[in-house]
Amino acid sequence: MRDNSSNTERQPPRWDLTSIYPGLDSDDYKNAKQDLSNLTAAARKVVGDKATRDRDPAAWLVETIEAINLLRSRFESLYAYAYVNYSVDTTDPLAAQEIGALEEAALPLKRVETEFRNNLADIATDFSALCTSRPELAEYELFYREELELQQHQMSPEMEDLAADLSRSGGEAWSRLQSSVSSTLERVWNRETGERKTVTQLRTLAFSPDRETRKRAFELELEAWQEMEIPLSHALNGVKGFTDTLNKRRNYATTLERSLKQSRITPAVLSALIDAMEESLPAFRRYLKTKARLLGVEKLAFYDLFAPVGEGEPKEWSFAEASSFISTHFGAFTEDLKAYADKAFAQAWIDAEPRSGKVGGAYCISFPEQGESRILANFAGSSRDVSTLAHELGHGYHHHLVKDLSPIHQDYPMTLAETASIFAETLVTDKALQLLDGAARLEFLEASLQDSTQVIVDILSRFYFESELMQRRGDHELSPNELCEMMRVAQKRSYGDALDPEGLHPYMWAVKGHYYRQDLAFYNFPYAFGLLFGLGLYGAYLETPGDFPRHYREVLEATGKLDAVELTRRSGFDIETKEFWQSGLAVIAGQIEQFENDAKEFEA
């Protein structure tokens, strides 16, 4: 294993993957991939064992669950390994090839799932009766109920097989087009030197302290998106048309209905969440107007949302300083969380060095078979980078707590996936705000509010847009002009008078890859759910800190075993009421009030 300690002070680390597999061309990886087909064949044999199913349904279900767990664990670890290799070097042809090969290998897995659900429906009975003879089934009640529900929305095996096969050249192909365009689309930045910047690089200039730089980058970005609006509008129409057709064939009333089931929430939860978000908008608009005054402008444009505020140079964090700060304040909550973070730092589980060929942003990914995680970040030393690192370590801690559970129970919905990350990030942000002062505190606080604004205000605009998009797409294909106007309307509805109506981003439908996920529509509201649930838990921790770490572990460990309503009810929350969501929003409202007070010292 590579020792990163010597270069930690000089530059952020790169990760070590050798404990997963030695390499994509190694015998270990190739043998594991070959064995995947054996596990698939074995699972299909168990699933199709009619004799055992008829004679002893409980025994058949136990054997089938075991086979599915083995299959999921192997596939997810292999795919994660191919993806992490690709994400740090998108020019690596072998990594791209392996991702494609594993997507093809996933088709037989989908056949196993389809056949299992149909066979399960044939023996559908009182679940408690099955548990009488095999008590170990009791913890799989949610899995049992969800699989039967999915069977009710399942086409014939032949049709499901065809849909899975076609999706690679249908919905997923449109998604790859958007990804390819967005990663290569560029504009000339410096005409004298010929320097060019991709739209991704142009978007990073939104963090520049110079408004003219931000504005010029924004205008070039819009110009670039406009150049590609026709192919991207066809891609978006293609993805949403594909999704709409499949959901209708599967007898879902709407695509949103399926998204709610994927998120393990009820319509009442979504309604309460959206209502609370809408009622919070005046506070967010006050924050944005205060920021405008700090920047010395009458009204913010879209390109001002991420502009730094305050006077003087912002604090620059070294990776070593950030890791020490995070570890210390994780430890103030629980030694268990600190121990996980220290292990991730010490064993090179984090790739934080920005470099050419590496994807932007940050993520945490797990390897179920090995019981490990890896974190990708692009650490440049800002306070936002510190928060992001804490956020991703929170995801890793969540993976750590469930790593010894069955793979089925390591699978939790996106609504609950953000719980640990938001909580961990808030631990660090809250402590930083207590320890820092002056411009440093204002910077850290404003970075936190930028993130919250994106997750509440901007996510709301994306939800409005996608709701309108799915409604109209059922009638006709939408033109680029129609898509841009819908996005402007959605942004005006959420940002209100806090943004200059002439400075909106009409091409956000082209920017966000989330819209192009064929099998995961409405990839927006779960972020707001995760933020506010995490903040709700943090508020509970502040009220009763003594026994909270134990309760917190229990919540995270149950995220794959219970639906969101039941899980949160056990925590003493009712997420079908607006009041619960308002409690999380109250934490942000307190930060906005603090920001308004601190800003008085720095207003231009």
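**Close-up views of a predicted model**

**View 1. The second largest pocket takes up about 220 Å³ of space.** Before going further, keep in mind that this is a predicted model. Which residues sit closest to the centre of this pocket? They are Asp244, Ala253, Thr254, Thr255 and Met470, out of 13 residues that line the pocket. Three elements each give two or more residues to the lining: helix 11 (229–249), helix 12 (255–263) and helix 19 (438–473). Sorted by class, the lining has 5 nonpolar, 6 polar and 2 charged residues.

**View 2. Strand 5 (residues 372–376) is tucked inside the structure.** Count along the strand and you'll find that 5 of its 5 residues are buried, so strand 5 is largely enclosed by the rest of the structure. Now check which way the residues point. In a regular strand, side chains alternate between the two faces of the sheet. Here, Glu372, Arg374 and Leu376 point one way from strand 5, while Ser373 and Ile375 point the other way. Whichever way they point, all of these residues are buried.

**View 3. Strand 5 pairs with strand 3 and with strand 4.** How do the partners run, parallel or antiparallel? Strand 3 (residues 350–351) runs parallel to strand 5, and 2 bridges join them. Strand 4 (residues 363–367) runs antiparallel to strand 5, with 5 bridges joining the two. Have a look at isoleucine 375 in strand 5: isoleucine 350 stands opposite this residue, and so does cysteine 364. Strands 4 and 5 also form a hairpin with 4 residues between the strands. In that hairpin, glycine 371 takes a positive phi near 65 degrees.

**View 4. Two cysteines are buried, and the structure holds 0 disulfides.** Why does cysteine 364 count as buried? Its relative accessible area is 16%, and buried means under 20%. Cysteine 131 passes that test too, because its relative accessible area is 14%. As for sulfur-to-sulfur links, the count of disulfides in the structure is 0.

**View 5. Helix 16 (residues 383–402) has the length you'd expect.** Try the sum yourself: at 1.5 Å a residue, the 20 residues of helix 16 should span 28 Å. The C-alpha atoms at its ends are 30 Å apart, which agrees. So how many of its residues are buried? The number is 18 of 20, and helix 16 is mostly covered.

Technical notes:
Residues are numbered from 1 along each chain as its sequence is written. This is a predicted model: local features need pLDDT of at least 70, side-chain atom pairs count only at pLDDT 80 or more; totals for chains, interfaces and linings use all residues. Side-chain values use heavy atoms; hydrogens and water are left out. The expected span of a helix is 1.5 Å times one less than its number of residues. Buried means under 20% relative accessible area, exposed over 50%, partly exposed in between (1.4 Å probe, protein chains only). A disulfide is a pair of cysteine sulfur atoms within 2.5 Å. On a 1 Å grid over the protein atoms alone, a cavity is a set of points where a 1.4 Å probe fits but cannot get out, and a pocket is an open set with protein on both sides within 12 Å along at least five of seven lines; lining residues have an atom within 4 Å of a point. Grid points are joined across faces, edges and corners, and a volume is the space filled by probe spheres set on the points. Ala, Val, Leu, Ile, Met, Phe, Trp, Tyr, Cys and Pro count as nonpolar, Asp, Glu, Lys and Arg as charged, and the others, Gly among them, as polar. Two strands pair if DSSP finds at least two bridges between them.
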